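Got your viewer open and a selection box ready? Let's walk through this one stop by stop.

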Amino acid sequence: MGLRLLGAVGAGALAAVPFGLLVVLVQGAWPPLLRVDTGAARRLHEVALEHPGWTTALRFLSDRVWDPATLRTAVALLTCWLLYRRAWRLAAWAATTAIGGGVIGLLAKVVVERARPSLQDPVAQAPGFSFPSGHAMTATTSCAILLLVLLPLVAPRWRRLCWTLAVVSVVGVGFTRIALGVHWFSDVIGGWLLGGAVVVLTGWAFEAWRSDAGRHRTAVTEGLEPELTEERPEPEPYGERDPADGSDPTGTGDPADGTDPAGGGDSAGRRDAAGGNGQ
């Protein structure tokens with residue numbers, strides 16, 4: 001288990017490398033990145049000013065449909081359902097990924113302390129620091145949680161649609177934040193990268209947990225816990241007897257009182273003893 005967890009930490013660290021590089025570029029005010037950020041902000045802001053109806057739709061998507069509070073509520077309801085289903089480990093993973101992602105994102109904002117775009121005639125306002133985008137990061141972690149938990153319950157022919165909806169939601173959140181002028185382009189990329197790193201870390205840790213419980217590794221296309229479709233999604237506790245196969249939890253072939261359930265051992269012993277006395 002220790003080696004598997006170490007591998008999970010390594011995978012998370014590797015996934016965080018692109019985010020770390022982006023932080024260096026943002027803090028160093030790398031000119032090519034600044035040109036991309038300012039160019040995207042200026043062009044999309046012009047479109048927002050020229051099309052008020054478009055801006056209203058973007059606000060609705062950003063502040064209602066894809067708002068972090070909405071996505072976190074969906075994850076919280078999913079976690080409660082998992083607890084009801086007694087899928088304890090999966091519920092712990094969902095809660096850890098959501099809460100951990102939120103805390104890590106907040107810490108990153110405090111460390112980088114990047115100011116938000118300052119545009120003439122802004123169409124939207126947002127408090128706090130800009131990098132990484134909390135909306136983009138929350139969308140990444142939340143959509144990953146919903147997708148990886150619920151995939152086993154979806155028929156295979158519909159799974160591609162689920163992946164498409166998740167990707168559209170994550171990309172759509174990022175676009176709305178840039179178009180509304182409350183984030184730079186690199187803020188959104190940072191949110192996606194950091195959210196992805198969190199999911200990789202917790203996902204690998206969950207796979208290590210599964211392996212330690214004696215379950216096989218699963219492809220990401222199957223979801224984290226394919227056994228969620230079963231009546232009892234959790235693995236049997238170690239050493240617990242399974243009535244279906246009649247196995248002996250002790251592995252000794254003897255019941256708890258030390259007698260032979262078939263009676264053959266004692267009978268053979270008595271016959272041997274009797275034969276020995278007669279010789």
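Which helix does A76 lie in? Select A76 and you land in helix 4, where helices (H or I, at least four residues) and strands (E, at least two) are DSSP runs numbered from the N terminus. A76 is partly exposed, with a relative accessible area of 38%; the cut-offs are under 20% for buried, over 50% for exposed and partly exposed in between, using a 1.4 Å probe and protein chains only. Now add A95: A76 and A95 sit 19 residues apart in sequence and 7.5 Å apart in space, C-alpha to C-alpha.

Before moving on, a bit of housekeeping. This is a predicted model, so local features need pLDDT of at least 70 and side-chain atom pairs count only at pLDDT 80 or more, while totals for chains, interfaces and linings use all residues. Residues are numbered from 1 along each chain as its sequence is written, and side-chain values use heavy atoms, with hydrogens and water left out.

**Zoom out**

Show the whole protein chain as a cartoon: there are nine helices and zero strands. Of its 279 residues, 37% are buried. If you compute a contact map (contact means heavy atoms within 4.5 Å), take the pairs at least 6 apart in sequence: 74% of those contacts join residues at least 24 apart.

**Helix 2 against helix 3**

Select residues 31-50 and 52-65, which are helix 2 and helix 3. They pack at an angle of about 110 degrees, with axes 5 Å apart. Axes here are lines fitted to C-alpha atoms, for helices over the stretch in contact, and angles run from 0 to 180 degrees between N-to-C directions. Helix 2 and helix 3 are therefore roughly perpendicular to each other, a label for angles of 65 to 115 degrees. To see the contact itself, show V47, A48, L49 and E50 on helix 2, then P52, W54 and T55 on helix 3.

**The cores**

Next, select L82, L90, W93, I145, V149, L224 and L228. These have the most contacts inside the largest nonpolar core, which has 16 residues; such a core is a set of buried Ala, Val, Leu, Ile, Met, Phe, Trp, Tyr and Cys residues joined through side-chain atoms within 4.5 Å. Colour helix 4 (68-84), helix 5 (88-112), helix 6 (134-150) and helix 8 (185-212), since each supplies at least two residues of this core. Apart from it lies another core, of 10 residues, with F19, A108, L194 and V198 among them.

What does L224 touch, leaving aside its neighbours within four places in sequence? Its partners are L90, W93, L148, F206, E207, R210 and T218.

**The loop between helix 5 and helix 6**

Last stop. E113 is in this loop, and its phi is positive, about 55 degrees, although E113 is not a glycine. D121 is in the loop too, with a positive phi of about 55 degrees and, again, no glycine in sight. D121 counts as exposed, at 52% relative accessibility.

Move along to P132, also in the loop. A cis peptide bond joins F131 and P132, with omega about -10 degrees.

Is S133, in the loop as well, buried or exposed? S133 is buried, with a relative accessible area of 0%. Beyond its neighbours within four places in sequence, S133 is in contact with K109, R177, H183, D187, V188 and G191, so select those residues to finish the tour.

Definitions and conventions: Parallel < 35°, antiparallel > 145°, perpendicular 65-115°, else oblique.
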